Every structure is written in structure tokens, then in C-alpha cells.
Amino acid sequence: MADEDVIRRLTTIVAADVEGYSRLIAADEEGTLAALRGHRREMIEPKISEYRGRIANTAGDSLLIEFPSVVEALRCTMDIQRVMAERNAQIPVDRRIAFRIGINIGDVVEQDGDLLGDGVNVAARLEGLSEPGGFCLSRAARDQVRDRLDIALEDMGEVQVKNIARPVRVFKFLQQGASRDGGLKPLSKPARRWLAGLALAAMVVMAIIGGGGFWWFGGGQTAPTDPPVAAIHDGKPSIAVLPLDNLSTDKEQEYFADGMSEDIITDLSKISGLVVIARNSSFQFKGQKFDIKDIARKLGVRYVLEGSIRRSGDQVRINVQLIDGANGAHLWAERYDGALEDIFALQDKVTAEIVSALAVTLTAQDKARTADRETESVAAHDAFLRGWAHFIQTTPRDYVLAIPFFEQALARDPNYGRAHAALAALYFSARDKNWHKTLEATPDAMFEQAIAHRDEALKRPTPLAYQVGSAIALEFRKHDQAIEQADKAIALDANDPAGYMAKARGLVLTGRPGEAVPLIEQAMRLDPNYSADVLYHLGLAKFGIKDYPSAAAALRRGARLAPQHPSISNILVATLGYMDAAVEAAPIISKLRDPAFASVGKWRNRINASDISHIPYRRKEDGEHLREGLRRGGLPEFTAEWDLNRANRLSADMVRAVSFGQTQVGYHVNSNLRFTIHRDRQGKMTATGLWKGTGTSRIIGDRICNYWDKYETETCMVVYQNPNGSAAAGNDYILVQHSGSFPFTLKK
């Protein structure tokens with residue numbers, strides 16, 4: 001054949017034929033052919049279309065089908081075999097039509113629409129090894145779905161098959177392993193309980209601090225239930241980059257495919273003339289069947305980039321195509337082959353081709369940003385991608401697994417700013433989520449690690465470095481610095497929703513919630529698959545400007561998306577308080593106090609106006625605004641456990657008496673972590689345990705304010721006497737600040 005007639009590519013092939021076809025034809029030719037046509041027309045062909053397959057070859061009782069991914073091929077196969085079993089249930093055994101199916105991934109040659117080559121031959125041989133009603137997979141196909149679909153497979157080992165030079169590793173489907181929904185089995189009850197417990201553990205930490213300071217790695221991102229965000233115009237081309245399909249035979253390379261996809265998003269995001277949808281939204285379509293026009297509509301973009309990547313040893317192949325989401329037309333497609341050591345150059349080529357295809361003019365700043373590589377070390381970059389794949393899962397175990405990869409990246413390139421920023425983010429987030437036991441580090445040690453890596457990250461800053469810097473600044477109540485850091489993040493990447501959210505949070509806590517609203521809305525446009533936590537911040541901003549109906553609407557939507565999110569419920573109660581809707585607030589308060597909700601264990605019955613209202617606002621009146629709303633909504637000042645009220649709050653002289661020249665020994669009610677604070681009569685302070693360091697204390701109003709030398713910041717607390725406390729129980733007094741309640745007693 002002429003070279004121009006040959007198209008060679010890597011694809012997924014499914015070979016199917018009817019078991020005992022000759023016997024069936026001999027027994028009832030017309031009936032068999034009619035039944036087979038009916039199965040194909042009514043079920044098989046619609047299923048193939050549903051999973052984006054195409055019938056490449058047909059011959060009598062056999063079909064050769066091509067799919068864009070092994071996952072879709074397998075789901076389609078299981079659907080077909082399941083429905084065929086249901087159709088055969090009422091048919092005599094000797095008249096049943098049962099398919100045997102083989103699934104392979106391999107190189108094929110396309111000629112006039114037909115598929116040829118060893119990849120096809122292997123699929124056909126696998127089909128011959130299958131049992132009626134079942135299927136077999138090659139090792140290459142099995143590796144692609146091993147961790148995605150929960151099915152039972154029998155390893156048949158290396159099998160020598162006809163006309164294939166080398167033995168084929170074969171995996172046979174075991175009927176009892178399938179679920180009736182096409183191969184996806186629900187988690188076992190123990191697994192569901194473990195995951196639910198983990199989710200609650202992460203979320204209850206957020207209840208006291210008002211949503212968490214590091215919201216953008218909260219995990220569990222959930223698409224909004226409302227209509228999709230309107231398309232972004234601004235006179236700029238808008239684009240979404242879908243996750244590249246991993247065509248490598250090694251399933252472990254999934255991190256590499258995802259990392260390359262995210263790198264392309266990052267590179268495009270640096271270009272001021274483009275609007276680029278966030279990774280969180282584009283990755284929601286990973287491993288799913290989809291229509292490009294539907295994706296473009298859902299994400300509010302004009303263009304969509306899709307493709308695949310294959311890494312084999314030191315070689316990489318990237319196939320990408322740019323599609324007009326308005327009509328599905330292919331604007332441009334290209335294949336890039338090269339060595340792994342040239343991966344950065346390959347990424348640059350992809351970015352340059354997209355920019356050219358969309359006729360975007362690069363500014364001098366665009367060129368400088370896109371030319372600035374975070375590292376020149378391919379090995380460091382690869383280690384970073386492995387760590388990042390764990391980090392974004394946002395579980396204690398994944399955090400532990402991520403750390404050594406980030407450290408490997410820094411060992412290969414000590415100046416790798418993004419790796420430092422990732423470690424800063426990880427340690428700050430882990431401390432925020434109270435995961436110190438899993439990481440085998442104290443909260444104070446994790447905070448010090450976060451600060452140290454932030455300082456290193458800012459030497460070669462990335463948007464992530466500035467976002468972490470903003471979060472840490474808020475921890476120190478340095479509100480202006482938090483906003484400044486967020487502005488720098490936005491300047492580096494105007495398409496990153498995390499930058500806008502970081503600035504919005506800083507503005508809300510500074511007392512400028514009206515300025516925060518358009519920033520949150522911009523983040524929602526850039527990430528249409530925004531989480532409930534974004535709605536929380538929108539509700540908090542609307543609450544701040546006293547637009548209570550809009551705040552309630554956002555918070556109600558957030559509560560629907562994340563029913564176990566305590567902070568959303570808390571602010572909703574305050575909002576309803578100002579709307580004189582205590583009747584609606586009552587069941588929310590009951591839920592907050594329900595042991596089955598996120599306030600389990602030590603948190604039960606500690607949901608109260610004093611704890612919740614200590615969000616780190618700059619202005620005292622903002623805290624009082626929230627506290628009053630909570631009271632109106634039906635929350636008491638304190639719970640019955642403490643039985644505290646304004647009459648129990650210590651005066652300035654009493655605060656001085658229990659603080660200066662005293663040693664306070666106490667604990668954090670939410671984590672039970674212990675602390676000891678000693679102050680001399682002049683206010684010089686030394687702390688150990690939960691808080692560790694030295695500093696100076698002073699009385700401002702009736703609050704005790706501690707300046708910490710190593711952090712160069714001051715935090716203030718109010719002090720209550722606990723009428724139900726005792727020295728034996730260690731809770732004579734209660735310190736209250738934005739991060740919760742801290743019972744203590746005086747050491748004799």
C-alpha cells in the first residue's frame with residue numbers, strides 16, 4: 001500500500017464474536033440472524049456509541065471496535081455482557097447468543113477505515129480465550145484500568161497464541177467480580193466509614209476558624225447544582241485543557257500524564273490574552289465519556305484542548321488537538337515525539353502552537369513569564385509531579401507520601417521554588433487540618449516548616465508561593481500583607497482562581513467585604529466546578545456587606561453541596577438571625593449539635609457564639625456583627641458545659657492577676673493538645689507544648705495579647721472564669737480566641 005494511505009496509531013481494540021455461531025446457524029439460520037440483528041440494532045450499537053466507540057471491521061458474527069480509552073472499552077463490554085445475560089435469561093440454553101470478547105491496547109494500522117496489525121491480532125486471540133458471556137484483557141489493557149474499575153480478574157499468566165511472536169499476559173474476567181452497573185462497585189462499608197471519618201476529621205477543624213485558612217486544598221470538590229456559569233468573554237479567547245489520556249503501558253505513569261496536562265494549563269495561564277479554565281474544572285471530565293460541545297458549554301469556553309500522552313522509557317509522545325467548542329470543528333492537531341530530557345521543549349511547542357492557532361499576541365511580560373522555567377532539572381520536575389499527585393488528594397496518608405517526593409525534587413534542584421511552595425502549603429494545610437499525628441510532628445513544628453519553605457519559595461516566587469504567603473500572613477493577622485501577597489499571585493497568573501480567593505478572604509477579614517465579592521465571582525467563572533467552600537466565602541462576604549438574602553442563598557447552595565460543612569451552617573445561622581428566620585435556623589443548630597454531624601467527639605456541644613465568632617477579623621465590630629447574628633439565630637453565648645456569659649468575663653485587673661507572675665497550664669478543647677505559658681510580672685513570656693516560643697504579653701482593654709518573637713506578630717484572647725471548672729479538671733479559666741477555646745488552671 002502507498003505510504004500516504006497508511007495511518008498508524010496507538011488505540012484500544014475490542015474483538016467480539018458469537019460463541020457456537022456455526023451451530024446456531026445450522027439449527028436456525030433465519031432466527032439466529034434476526035436475533036443477532038436485533039441485539040446489534042437495539043443494544044450493542046447504541047452502547048458502542050454511548051461509550052464513544054466505533055465499529056471498524058465486521059465479518060459475519062464478529063465485530064472489531066475501536067475506543068478512545070480502555071476504561072470506556074471495558075465499561076461498554078461489561079454493559080453489553082450484562083444486558084445480553086438479561087436477554088438470554090428467558091431463552092433456551094441451546095438457542096442463546098453469547099459473545100466472547102477480547103480487549104487490547106496496541107499499535108494498529110488504519111486503511112480505508114479498517115484496523116490491521118498486531119494490536120488487532122492480539123485482541124482476536126484474547127477473544128478466543130474468553131468464556132461465553134465473559135472477556136479477556138491483555139496486560140497492557142489491564143494496567144490501564146487496574147485502579148479505576150473494581151472488577152475481579154484471574155491472571156492466566158503468559159499465553160502463547162497463534163501468529164504472535166511473543167507470549168501474551170492474559171487476564172480473564174471472573175463473573176462474580178462484576179457489579180450490575182457496568183463494573184463500578186461501591187466501596188465496602190468499612191471503607192465508606194473510614195472515608196467518612198476522614199472527611200469529618202478534616203471539616204470539623206474548620207468549624208472554629210471560619211472555613212479554614214487554606215481553602216484551596218480542601219479536597220472533595222463538587223460541581224455546583226446550579227446552571228453553568230456564563231461564558232467568559234472580556235474580548236479574549238477562552239480555553240479548557242482536558243486531562244491527557246495516559247497511553248503508557250505502565251499505570252504508574254498516570255501522575256506524569258496529569259502533570260503534563262497541568263503544566264500546559266499553567267503555561268497558558270501565564271498569557272494575558274487568554275482566559276484559561278482551572279484544573280479543578282477541566283479534570284472533572286477525566287476518564288469519562290463526553291461531548292466537546294457540551295464541555296465547552298458547561299465550562300463557558302470557546303475552545304477545548306484534548307489529547308493523549310505516552311511515556312515509554314526515555315521517550316515521550318504527545319498527541320493534542322484543538323477543538324472549537326461552538327461547532328466541534330478541529331482547528332489544529334499535532335503529534336510531538338521526543339526524549340524525556342526534552343519534555344520542557346515539547347511543552348513549549350504545544351503552548352506556542354495553541355497561541356498561534358488562536359492568534360493571540362504575546363506581550364513582553366507574557367514572553368518573560370512563559371520563558372521562566374521553575375526548574376531546568378527534568379528529574380526534579382518528575383519527582384515534583386509524583387509528590388503533587390499525592391498532595392492534591394488531600395488525605396493524611398497522601399500528605400505523608402508526598403513529602404519525600406517534594407524533598408527529592410529539592411535534592412535535585414535546591415532552588416526549585418514550586419517544590420518549596422508545595423511543602424509550605426502541605427505543612428500549613430496539615431496543621432490547619434490537625435493532622436499532626438499522622439505526619440508525626442507537632443503543630444508548632446509543622447508551622448515552622450511552612451514558614452521556612454515559604455521563605456525559600458519566595459526567592460523564586462510562583463503563584464502558589466504567594467498564596468501560601470497570604471494564608472500565613474492572615475494567621476499572623478497581618479491583613480495588609482495577606483492582600484499584598486494575593487495581589488502578587490494574581491499578577492503572576494491572572495487565570496488562577498486561588499489567587500482571587502486568597503485576596504477575597506483577606507479583604508473580608510480586613511473589613512472590605514464589598515471588594516471581595518467580584519473577586520469571588522471571577523474565581524467562580526475561572527473554576528465553574530467550584531466547591532462548597534467558595535460558596536462559603538461568597539456567603540461570608542455577602543454577610544459582611546449585610547446583603548443577608550444573597551448571603552443566605554449562597555450558603556444554602558453550599559450546604560446542599562456539602563451538608564457536613566460546619567462553617568457554612570454556622571454563618572447561615574447568623575445570616576438567618578438577621579433575617580428573623582430563627583425557625584429555619586433551629587434545625588441547622590440541632591444538626592450542629594447532633595453527635596452524628598461533624599461536631600462529634602470532643603466537639604459535641606462546643607458549637608457556640610463565642611467560639612464561632614472568633615474569626616480573625618481585623619475590626620472588632622466585624623466579630624461582634626457575627627456574634628450578634630449567631631445569638632439572634634439561636635446559638636447561646638457559650639454551651640451549658642462552660643456555662644459562660646458576659647458576667648464571667650474577667651476584667652483587665654483580673655486578667656493581669658491570672659497572667660502576670662503566673663504559670664498557666666491548659667489544653668485546646670478540640671485537639672486536647674497541652675500547653676504551658678509562664679509570664680514574669682513584667683510580662684516576659686515563655687511557652688511550651690501547643691504553643692512554643694518566647695515573647696512579651698500586655699493587656700489591651702480586657703484582653704491578654706501575646707507578641708511572639710519568632711513570628712513577629714501579636715495575638716489577643718479574652719479570658720473567662722469557668723463556674724463549673726476546677727483545678728483538678730484543669731479548667732478553672734477559659735482562654736478564647738479565633739482558633740477556639742483553651743481551658744487552663746494556674747500551676748501552684
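A residue is taken as buried when its relative accessible area is under 20%. By this criterion F675 is buried in the predicted model, because its relative accessibility is 1%. The ring of F675 is also part of an aromatic pair with W691, and this pair is described below together with a second one, a buried helix and an internal cavity.

The search of the whole structure for aromatic pairs returned 18 of them. In the pair formed by F675 and W691, the ring centres lie 4.6 Å apart and the planes meet at 50°, so the arrangement is classed as tilted. The two residues are 16 residues apart and the pair links distant parts of the chain: F675 belongs to strand β16 (residues 674–679), whereas W691 is found in the loop between β17 (684–689) and β18 (693–700). W691, like F675, is buried; the relative accessibility of W691 is 15%.

A second pair consists of Y733 and F744, whose ring centres are separated by 5.3 Å. Their planes are at 25°, and the pair is therefore stacked, the cut-off for this class being under 30 degrees. Y733 is located in strand β21 (residues 733–737) and F744 in strand β22 (residues 740–746), so that the contact between the rings ties together parts of the chain 11 residues apart in sequence. Both positions fall below the burial limit: Y733 has a relative accessible area of 17%, and F744 has a relative accessibility of 0%. Elsewhere, ring pairs join F384, W388, F391, Y399, F406, Y416 and W435 into a cluster.

Helix α17 comprises 13 residues, from 463 to 475. The distance from its first C-alpha to its last is 19 Å, close to the 18 Å expected at 1.5 Å a residue. Of its 13 residues, 12 are buried, and α17 is therefore largely enclosed by the rest of the structure. The buried positions are P463, L464, A465, Y466, Q467, V468, G469, S470, A471, I472, A473 and L474. The elements that cover them include α12 (378–391), α14 (417–432) and α16 (443–457), as well as α18 (479–492) and α19 (497–510). Just after the helix, R477 adopts a positive phi of about 60°.

Within α17, L464 has a relative accessible area of 8% and is accordingly buried. The C-alpha atom of L464 is 9.6 Å from that of D496, although the two residues are 32 residues apart along the chain.

A search for cavities of 30 Å³ or more identified five in the whole structure. The second largest has a volume of about 150 Å³. Its lining is made up of 14 residues, among which D263, D267, R373, E374 and H381 are the closest to the centre of the cavity. Two elements, α7 (254–269) and α10 (343–357), give two or more residues to this lining. The greatest contribution comes from α7, with three residues. By residue class, the lining of the second largest cavity contains seven charged, five polar and two nonpolar residues.

Note on methods
Residues are numbered from 1 along each chain as its sequence is written. This is a predicted model: local features need pLDDT of at least 70, side-chain atom pairs count only at pLDDT 80 or more; totals for chains, interfaces and linings use all residues. Side-chain values use heavy atoms; hydrogens and water are left out. Helices (H or I, at least four residues) and strands (E, at least two) are DSSP runs, numbered from the N terminus. The expected span of a helix is 1.5 Å times one less than its number of residues. Buried means under 20% relative accessible area, exposed over 50%, partly exposed in between (1.4 Å probe, protein chains only). Contact means heavy atoms within 4.5 Å. On a 1 Å grid over the protein atoms alone, a cavity is a set of points where a 1.4 Å probe fits but cannot get out, and a pocket is an open set with protein on both sides within 12 Å along at least five of seven lines; lining residues have an atom within 4 Å of a point. Grid points are joined across faces, edges and corners, and a volume is the space filled by probe spheres set on the points. Ala, Val, Leu, Ile, Met, Phe, Trp, Tyr, Cys and Pro count as nonpolar, Asp, Glu, Lys and Arg as charged, and the others, Gly among them, as polar. Rings of Phe, Tyr and Trp (its six-membered ring) pair if their centres lie within 6.5 Å; planes under 30 degrees apart count as stacked, over 60 as edge-to-face and the rest as tilted.
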